[in-house]
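Reader: Hi, I've got a model open on my screen and I'd like a close look at just one part of it. Could you walk me through it in plain language?

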Amino acid sequence: MRKSHLTFITILLTIISIVLMAPSVCADCGPKPSVDLYIENPPEGEYYVDLLVYYPDTAKTSPKSNSMEDIILSYNEDGWVSRKGGIMDDITNKSNEDHFYRFTYNVPSNFKIIIVTEKLDIIVSDEITPRSYNCVITFDVEKHLNDKKAVSEDLSDTVTNTLRMFAITFSITLVFEAIVFCCFRIKLNKKGKGAFILTNLITQIFLYVFILILPLLYIPAEIVIPFLEIRMMKKHMTEIKKSRRIACLITSNIVSFIFGTPVLIIFIALHLI
């Protein structure tokens, strides 16, 4: 590939990255937090359910109407507000037959559950701190109303969800990074291909473990990954010019995040993970 063509591809992908990734910058199609919520013994009739986040700087407002959704969106008690009313542009969930609700991507590390019934009663759980990144939570409304322990976390389902999420994010990362390698016209030999797969496997495991230990440092961990890959792949790409090798590996991580995240969201929406 001509140097001018390579430069053009690098600049183009970088511009796309900056535009699509603002305001957050991440390096890889890594794990995304999620909350699978089951409501047991739900209130009669229709209801709305959401997660509350602690966001004390949110100004208190009055509901626009007496609808269940507006009451949730305007809820503000000691700094606890709905995700949509606070920091997230999310959709408040209306009751369904399965009483199952999924919250994905940038879910809070600590949260409360809020339910507003068709009688406009407000039910709020105690504060919940999940033990896992992709957690499965059950909220028993009847127990809560009787002042009993109402929230439980199913660790077996959580492990299954995490493994499924890992398989999907790992596969997405491999596909998009391989496409970028092709754009840079970089061909790896058999050992190089094995190293490419192993490197991504190691960095994905590193990311998952890091998030379990220090979830607040998720973005710094993502940023570190391209530099780990540059170091790990160096001896398998010695025939490639250093600047080209670095540009390829950094670009591949950026692209896998930009285009991998929408694919991941589609999988989640289809309840494949």
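Reader: Take strand 9: which residues sit on one side of the strand and which on the other, and are they buried or exposed?

Author: Quick housekeeping first. This is a predicted model, where local features need pLDDT of at least 70 and side-chain atom pairs count only at pLDDT 80 or more, while totals for chains, interfaces and linings use all residues. Residues are numbered from 1 along each chain as its sequence is written, and side-chain values use heavy atoms, with hydrogens and water left out.

Now, strand 9. On one side you have Asn134, Val136, Thr138 and Asp140, on the other Cys135, Ile137 and Phe139, and all of them are buried. Buried here means under 20% relative accessible area, with exposed being over 50% and partly exposed in between (1.4 Å probe, protein chains only). In a regular strand, side chains alternate between the two faces of the sheet. Since seven of the seven residues of strand 9 are buried, the strand is largely enclosed by the rest of the structure. For scale, buried residues make up 46% of the 273 residues in the protein.

So what's around it? Strand 9 (residues 134-140) belongs to an open sheet. Four strands make up that sheet, in the order 6-1-9-10, with mixed pairing. Strands are DSSP runs of E, at least two residues, and helices are runs of H or I, at least four residues, both numbered from the N terminus; two strands pair if DSSP finds at least two bridges between them. The edges are strand 6 (100-104) and strand 10 (151-153), each pairing on one side only. From one strand to the next, the twist averages 20°.

On one flank, strand 1 runs parallel to strand 9, joined by seven bridges. There, valine 35 stands opposite cysteine 135. On the other flank, strand 10 pairs with strand 9 in the antiparallel sense, over three bridges. Look for isoleucine 137 opposite glutamate 153 and threonine 138 opposite serine 152.

Then there's helix 4 (residues 155-183), which packs on the sheet and touches strand 1 (34-40), strand 9 and strand 10. Its direction makes about 145° with that of strand 9. Contact means heavy atoms within 4.5 Å; axes are lines fitted to C-alpha atoms, for helices over the stretch in contact, and angles run from 0 to 180 degrees between N-to-C directions.
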